[in-house]
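Please work through the exercises below with the sequence and the 3D structure open beside you, and try each task before you read its solution.

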Amino acid sequence: TEIPLLGRVAAGATALAEQQLEGHLRLDPACFRQSGREPLFAVRVFGESMRDLGILDGDLVLARKTATAKSGDVVIAMADNETTVKTLVQRKDNKVELRPANPEFPVQVHNARKVAIQGVVIGLLRCL
């Protein structure tokens, strides 16, 4: 399976995504579970905000392209024209939290209408 590598995404303060095709990853489909027919994509992570979930600076995260996610999913999200990887926490007051997995970084709270989910993380690749 060929999966497009679409640039970098911040795991820290949100930063503009460099969403340009950098190439393709060839992966055995047995390496990951995929539900549904949504296409997959990969992005390179920079920053340390997801460190406690084992997502480190320089890792590649594999995501299922979707515009929806449930609370607790690790997502690639765009908020205020900036893209980041965080855990999504939905609140009842029409707000969403983009929660880091590193106590050194603040939780980001946004109006739900201003957050666009680009994908749900389903895997991680690390080059040693």
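The exercises that follow concern a predicted model, and each one is solved step by step.

**Exercise 1. Overall build**

Task: Determine how many helices and strands the protein has, and then describe its surface and its interior.

Solution: Begin with the secondary structure, which comes to zero helices and nine strands, so that the pattern read along the sequence is β-β-β-β-β-β-β-β-β. Next, turn to the surface, where the accessible area of the protein is about 7,300 Å² and carbon and sulfur atoms hold 51% of that area. Then consider the interior: of the 128 residues in the protein, 43% are buried. Finally, look at the contacts with a separation of 6 or more, of which 59% are between residues 24 or more positions apart.

**Exercise 2. The nonpolar cores**

Task: Find which residues of the largest nonpolar core touch the most other members, and which strands supply the core.

Solution: The largest nonpolar core has 14 residues, and those that touch the most other members are Val 45, Met 50, Val 61, Ile 76 and Val 85. At least two residues of this core come from each of strand S3 (40-46), strand S4 (60-65) and strand S5 (74-79), and S3 gives the largest share, with three residues. A second core of ten residues is separate from this one, and its members include Ala 69, Val 75, Leu 88 and Val 96. To see the surroundings of one core residue, select Val 85 and leave out residues up to four places away in sequence; among the residues it touches are Val 9, Val 45, Met 50, Ile 76 and Val 121.

**Exercise 3. Two loop residues**

Task: Decide whether Ala 101 is buried or exposed, do the same for Asn 94, and describe where each residue lies.

Solution: Start with Ala 101, which is found in the loop between S7 and strand S8 (108-111). Its relative accessible area is 14%, and because buried means under 20%, Ala 101 is buried. Apart from neighbours within four places in sequence, Ala 101 is in contact with Ser 49, Met 50, Arg 51, Asp 52 and Leu 53. For one of these, Arg 51, the C-alpha to C-alpha distance to Ala 101 is 6.1 Å, although the two are 50 residues apart in sequence.

Now take Asn 94, which lies in the loop between strand S6 (82-90) and strand S7 (95-99). With a relative accessible area of 36%, Asn 94 is partly exposed, because this value falls between the 20% and 50% limits. As a last step, check the backbone: Asn 94 has a positive phi of about 60°, although it is not a glycine.

Methods
Residues are numbered from 1 along each chain as its sequence is written. This is a predicted model: local features need pLDDT of at least 70, side-chain atom pairs count only at pLDDT 80 or more; totals for chains, interfaces and linings use all residues. Side-chain values use heavy atoms; hydrogens and water are left out. Helices (H or I, at least four residues) and strands (E, at least two) are DSSP runs, numbered from the N terminus. Buried means under 20% relative accessible area, exposed over 50%, partly exposed in between (1.4 Å probe, protein chains only). Contact means heavy atoms within 4.5 Å. Accessible areas come from the Shrake-Rupley method with a 1.4 Å probe; for residues, only the protein chains shown count as cover. A nonpolar core is a set of buried Ala, Val, Leu, Ile, Met, Phe, Trp, Tyr and Cys residues joined through side-chain atoms within 4.5 Å.
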